Amino acid sequence: MKTDIQIAQEAIMEPIGQVAERIGIDIDDLELYGKYKAKLSDDCLRKLEQKEDGKLVLVTAINPTPAGEGKTTVSIGLSQALNQMGHKTVVTLREPSLGPCFGIKGGAAGGGYAQVVPMEDLNLHFTGDFHAITTANNLLAALLDNHLQQGNSLGIDPKQIVWKRCLDMNDRVLRNTIVGLGKKADGVTREDHFVITVASEIMAILCLARDLKDLKERLGKIVVAYTYTGEPVTAADLRAVGSMAALLKDAIKPNMVQTLEHTPALVHGGPFANIAHGCNSVRATRASLKMADIVVTEAGFGADLGAEKFFDIKCRMAGLAPDAVVIVATVRALKYNGRVPKDMLQEEDVEALSRGIVNLEKHIENVKKFGVPIVVTLNRFTSDTDAELEFVKRFCEDRDCEFALSEVWEKGGEGGKELAKTVLHTMETKESHFAPLYDLHIPLEEKINRISKEIYGASGVELSVKVKKQLKKLEDLGFGRLPICMAKTQYSLSDDANLLGKPEGFKIHVRDVYVNAGAGFVVVITGNIMTLPGLPKKPAAYGIDITDDGIITGLF
């Protein structure tokens, strides 16, 4: 079997204008980035507003394992299958971060014969959106430190600065830094921190903003620090909004590319779901709904993170209501949850499958809480046996979930037709009664408890005295009615990555909370989650190269 990058590089792409015309978008409404990439112009987005919305299908998954699940691959393959069957379909995804590309996870363009192309561009610099977000973030940091240097007329307490610098790379040594060392002219000496770009509040703002006006309003609300008297200082107070928005004027426009089968793909924004809200931009999703009869989108990591935030943050803010949810699993991943060693996953083991399938069971329970019809799909591997597949099928059907196999990695859209037919049947026969998990009027602590107990299955939540004071302060400042964005390990329903399956009797340990006032949610840091990852012992960067004639190799 060819590698993903070999398949992508051998693909014959259509000019992006031709792809756009297939869904009624004129080439004059595109801002071209070469032959195969484009941004949707503001004029294009305004024209689309008058059209009716199509159906929205969310693809989520069980908790990720080293065995692999393939959520993005299924999203792309499903969209290709639906298009093959005559349904005008668009897939909307997040942009990959450079950190994982050179780290351990690799890119996020799908795999096999269900990929978005040009794959190398998408996984590297693409249209420069992440660079614009990084620059806007660090401009605000520079203006903040300059304000301290130039007299600090706002009375900012250097010990209460909460705004962090960012970069789109896994560089652990920058998590905690000292800035302003040197001479007096080199700035005020203080402790500082970096986050990865996908964890920047500006990334979240870009993904949730409706338009440039909304973007500027949200940027202005960013809380960067507190004064000596405890009052919040915002980006608007630092007069940073206009310059940041100018840097983001192109980044806010959705990007259009294509799948291997020329299905239109809007790829825009890229917050991680373990440390941010994990969904592509509202602008891209809303535009896709106007372009297509069916939109397939995904939310990051497992349903405990990405799907919960998609429902409780993105859908709530954008007025979206999904018509169906696809939960992706693999037999191998379920057996891994049943404590089968990674090198033994190819062996038939229905008993281990029965132990590990409780992870899928919990995700089914969770999605049902939001009132949306569910389809479970198994990303099929050649080592899967008939007995194992039948066991999962019966398990899902016993829980009133439709079930379908997916073979899109090997067969592209053709391998997704069983899933596509099942999704269509589900939307035709089952009505969605979508509603968020919690009311915004309940206290912040109660929201944290609701998510921890109902979604994660925790017995309780441990809040330190410091965190309780932070929550009270946020409510006193008027942020109590915001939704919660939990920062938690993706590998477990708990905040301990080693607790696989469906753990019970555990508590969620909250070690920090802060407000992303511009994005419009309160971030809750749990366990040992990091907002700036590090590189593994053998980073993926070791295997990436470029030939003398400019061909990139080693990306996956």
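**A tour from the whole chain to helix H19**

Begin with the whole chain in cartoon view, where the secondary structure comes to 20 helices and 24 strands; keep in mind throughout that this is a predicted model.

Stay with the whole chain and switch to the C-alpha trace, which spans about 70 × 55 × 50 Å along its principal axes. The radius of gyration is 23 Å, and this agrees with a compact globule because one of 556 residues would have a value near 24 Å.

Next, colour the residues by burial: of the 556 residues in the chain, 60% count as buried. If you then display contacts with a separation of 6 or more, 74% of them are accounted for by residues 24 or more positions apart.

Turn on the surface, whose accessible area comes to about 21,800 Å², with 50% of that belonging to carbon and sulfur atoms. Selecting the charged side chains brings up 66 positive and 74 negative ones, and the centres of these two sets lie 5 Å apart.

Now select residues 444–455, which form helix H19. From the first C-alpha to the last, the 12 residues of H19 reach 16 Å, close to the 16 Å expected at 1.5 Å a residue.

Which residues of H19 are buried? Show the side chains of Leu444, Lys447, Ile448, Asn449, Ile451, Ser452 and Ile455, for these are the buried residues of the helix. When reading such a list, recall that an α-helix has 3.6 residues a turn, so residues three or four places apart point the same way.

Finish by moving past the end of H19 to glycine 457, which follows the helix and has a positive phi, near 85 degrees.

Methods
Residues numbered from 1 in each chain as written. Predicted model: local features only at pLDDT ≥ 70, side-chain atom pairs only at ≥ 80, totals over all residues. Heavy atoms only, no water. Helix = DSSP H or I, 4+ residues; strand = E, 2+ residues; numbered from the N terminus. Rg over C-alpha atoms; globule rule 2.2 N^0.38 Å. Buried < 20%, exposed > 50% of the residue type's maximum accessible area, 1.4 Å probe, protein only. Contact = heavy atoms within 4.5 Å. Areas by Shrake-Rupley, 256 points an atom, 1.4 Å probe, with all protein chains shown as cover. Lys, Arg positive; Asp, Glu negative; His and termini not counted. Charge placed at Lys NZ, Arg CZ, Asp CG, Glu CD. Expected span 1.5 Å × (residues − 1).
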